[in-house]
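Got a minute to talk cysteines? Have a look at the model below, and then we'll go through its cross-links one by one.

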Amino acid sequence: MAGRQPPLGVLGAHLVVTRLPRTGAATLAVAVALGPALVACSADEPSPADAGPVSASSAPPASPAPVEPPDPVEPPPTATCYRLSYDDAVAPTSSAPAVRCASPHTAVTFDAGPLDTVVDGHLLAVDSERVQAEVAERCPAALGDFVGGGPDALRLSMLRSVWFTPSLEEADRGASWYRCDVVALAGAEQLADLTPPMRGVLGTEAGRERYGMCGTAEPGTPDFSRVLCSAEHTWRAVQVVDLGAGQGDAAYPGEDAARARGQEPCEAAGRQAAEDPLDFSWGYEWPDADQWAAGQRHGLCWVPD
């Protein structure tokens, strides 16, 4: 059984929304739960049946004909487009056909290559935990270089990486590759169509506007949901609050400390975005301990838009 982290998660652990009108201040704090983890499983191969002993009077078995090893299957080509659904995107394997990039599509392959399946002389299955973990680290790390704009531009966007490896049947025929695709979340469990070219898209103002992270209502209210900034919206994520200081093994600072880190920068972002510096609103999200352990080391500042 091989597990896979959900690649399409967005920050949503804790949220505080603060208004600072001339006549006073009001604060609303709510908890926003993430969806359940998605796990892909594959059944173990059945062991061959025991053929039993051969008696002395039996004729010797015929020698099997030599079997040529299968030709290695090349990794999927990059710059290839697919029309995937959300369920397709979070699956560990994909059989979706490629489509013309000039036609509607929701995924573009930005990286692909051979799997490292040999460890200490032992061949690992493509769905083994170690092989899958390496791909799950490789693809998100490579996405930022592909879309450009720097780490904060990616964190403030709805672009995500998804990844695929061969099925067990394909692996038996010699396939040993990984494939990384970029997708855009249009909302909860929905993908948006992509507009080519995607390489370097967050390095442009138009790309950041199209794929930025916005909200349909005030964060923390019942009508709030995350959408692309190119869709109808009333709030926008505008600033990243780095909580991890680049330390991959840093301990969770605790909810109080994580919350305190965002108060000053997010208040300043709200003041800067408002027409009246004495009457403005702002919001701040920060990760909980579980999200921190999964690699979420930053918070987000929100302002009305």
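Here are some questions and answers on the disulfides of this predicted model.

Q: How many disulfides does the count come to?
A: A pair goes on the list if its two cysteine sulfur atoms sit within 2.5 Å. Cys-139 and Cys-180 make the cut, with S to S at 2.0 Å. By this rule the count comes to four.

Q: What is the pairing if you number the bonded cysteines in sequence order?
A: Take the bonded cysteines of the protein and number them in sequence order. Read off that way, the pairing is 1-2, 3-4, 5-6, 7-8.

Q: Which strand does the disulfide link to helix H2?
A: Cys-139 and Cys-180 are joined by a disulfide. Cys-139 sits in helix H2 (residues 129–147), and its partner is 41 residues apart from it, so to speak in a distant part of the chain. That partner, Cys-180, belongs to strand S9 (residues 177–187).

Q: Is the disulfide of Cys-139 and Cys-180 left-handed or right-handed?
A: Look at the torsion about the S-S bond, which is about -65° here. That negative value is why the disulfide of Cys-139 and Cys-180 is left-handed.

Q: Is Cys-229 buried or exposed?
A: Cys-229 forms a disulfide with Cys-214, sulfur atoms 2.0 Å apart. The relative accessible area of Cys-229 is 3%, and the cut-off for buried is under 20%. So Cys-229 is buried.

Q: How many residues apart in sequence are the parts tied together by Cys-214 and Cys-229?
A: The link of Cys-214 and Cys-229 is right-handed, with 90° about the S-S bond. Cys-214 lies in strand S11 (residues 213–215), while Cys-229 is in the loop between strand S12 (226–228) and strand S13 (235–242). The parts this pair ties together are therefore 15 residues apart in sequence.

Q: Where does Cys-301 lie?
A: Cys-266 and Cys-301 form a disulfide, with 2.0 Å between their sulfur atoms. Cys-266 is in helix H6 (residues 255–273), and the pair ties together parts 35 residues apart in sequence. Cys-301, at the other end, lies in strand S15 (residues 298–304).

Q: Is Cys-266 buried or exposed?
A: The link of Cys-266 and Cys-301 is left-handed, with -80° about the S-S bond. Cys-301 has 0% relative accessibility and counts as buried. Cys-266 is also at 0% relative accessibility, so Cys-266 counts as buried.

Key. Residues numbered from 1 in each chain as written. Predicted model: local features only at pLDDT ≥ 70, side-chain atom pairs only at ≥ 80, totals over all residues. Heavy atoms only, no water. Helix = DSSP H or I, 4+ residues; strand = E, 2+ residues; numbered from the N terminus. Buried < 20%, exposed > 50% of the residue type's maximum accessible area, 1.4 Å probe, protein only.
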